[in-house]
Amino acid sequence: MLNILINDGISPSGERALRDAGYNLFLDKVAQDDLKEFMNENAIDVILVRSATQVRKDLIDAVPSLKLIGRGGVGMDNIDVSYAMEKGLHVINTPAASSTSVAEIVFAHLFALTRNLHDSNRNMPLEGESNFNALKKSYAASKELKGKTLGIIGLGRIGSEVARIALGVGMRVIASNSRNEEGTETIAFSFFDGTTVDVKIEMQPMRELIKNSDMITVHIPAQKNYVIGRPEFDLMKDGAYLVNAARGGVVDEVALVEALESGKVAGAALDVFENEPKPEIKLLMNPKLSLSPHIGGSTLEAQDRIGTELASQISALLVQKV
């Protein structure tokens, strides 16, 4: 019987799927410093994590029973993936499960920014009764998304889902990928009744995309250097908007604050931060920022898909070997 440590939680449907497969589950959160001892005492075969638990070389070396590491979500920067695979371990994630959830939070932030909802939600409880007409006048200077150009940096699963929503809103969509800087890429636009239409997305080099976009959203893994820093902010249209729901460190937050204060960037949204879980106070207090605490993939539907997808992959990879 497989012993599975689920250290950062799992949906009820995922738990059921694993129990139905006959696996022995450990659901209590184990502190990072206690993982080695706990996993060895309980002969853990599989550890499932999200972003909180670190699975590094020292943990991999210390637990000889370990066969598989699973990440609920997309990014695996908290796991030493290459080393684990060199040691013969399976490493899995769920890249498709949270695509819709992340794409939707991008647009939640874009609507909030362009209609000033992020700021009015702060001030209406404080001044709505005493200063209603002034707030109404201030927030009336808002914008529509329809007809604007959205630049997507990274047209993978999440970027493609963002493109589908943008097309539905009536935006022009351009994208940039390291694998394809020019020409077009085709994505399937699906409707509620199951019908699909293929849509071509114009691809541009990233510098050109930045110059040509009214709004920019980033959907790439963590990099060694900033993808959006001072040179990129200088290239943007005056009054552009930026969303980062990918990874902290993709955007230079100091340069972002400078661009907001100068008016170069009209507003920005951050779901991820360089210093999680303690974002810089200059970000938290900036009225031009729409903020959320790294919840892009955290919907009930996404958690269900993550849990069942992990269970399916574990069974496919390990059931024949135990």
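**Contacts, cores and salt bridges in a predicted model**

User: In this predicted model, which residues is Met236 in contact with, leaving aside its neighbours within four places in sequence?

Analyst: Met236 is in contact with Ile210, Ile216, Ile228, Leu242, Lys264 and Val265, once neighbours within four places in sequence are set aside. Contact here requires heavy atoms within 4.5 Å.

User: Which members of the largest nonpolar core touch the most other members?

Analyst: They are Ile228, Phe233, Met236, Leu242 and Leu256, in a core of 27 residues. At least two residues each come from helix H9 (206-212), strand E10 (215-218), helix H10 (230-235), strand E11 (240-244), helix H11 (253-262) and strand E12 (265-270). The greatest contribution is that of H11, with five residues. A second, separate core has 26 residues, including Val106, Leu110, Met215 and Ala269.

User: What makes the pair Asp238 and Lys264 a salt bridge?

Analyst: The cut-off between a side-chain nitrogen of Lys or Arg and a carboxyl oxygen of Asp or Glu is 4 Å. The closest N and O atoms of Asp238 and Lys264 are 2.9 Å apart, so the pair qualifies as a salt bridge. Asp238 lies in the loop between H10 and E11 and Lys264 in the loop between H11 and E12, so the pair ties together parts that are 26 residues apart in sequence.

User: Why is Lys264 called buried, and why is Asp238 called exposed?

Analyst: Lys264 has a relative accessible area of 19%, and buried means under 20%; Lys264 is therefore buried. Asp238 has 65% relative accessibility, and exposed means over 50%; Asp238 is therefore exposed.

User: How do you know that Lys237 and Asp214 form a salt bridge, and what do they tie together?

Analyst: Their N to O distance is 3.0 Å, and the cut-off is 4 Å, so the criterion is met. Lys237 belongs to the loop between H10 and E11 and Asp214 to the loop between H9 and E10; the pair therefore ties together parts 23 residues apart in sequence. Lys237 itself is partly exposed, at 31% relative accessibility.

User: Where do Arg19 and Glu15 lie, and why is Arg19 called partly exposed?

Analyst: Both lie in helix H1 (residues 12-20), four residues apart, about one turn of the helix. Their salt bridge has its closest N and O atoms 3.0 Å apart. Arg19 has a relative accessible area of 41%; this value falls between the 20% and 50% limits, so Arg19 is partly exposed.

How values were computed
Residues numbered from 1 in each chain as written. Predicted model: local features only at pLDDT ≥ 70, side-chain atom pairs only at ≥ 80, totals over all residues. Heavy atoms only, no water. Core = buried A, V, L, I, M, F, W, Y, C linked by side-chain atoms within 4.5 Å. Buried < 20%, exposed > 50% of the residue type's maximum accessible area, 1.4 Å probe, protein only.
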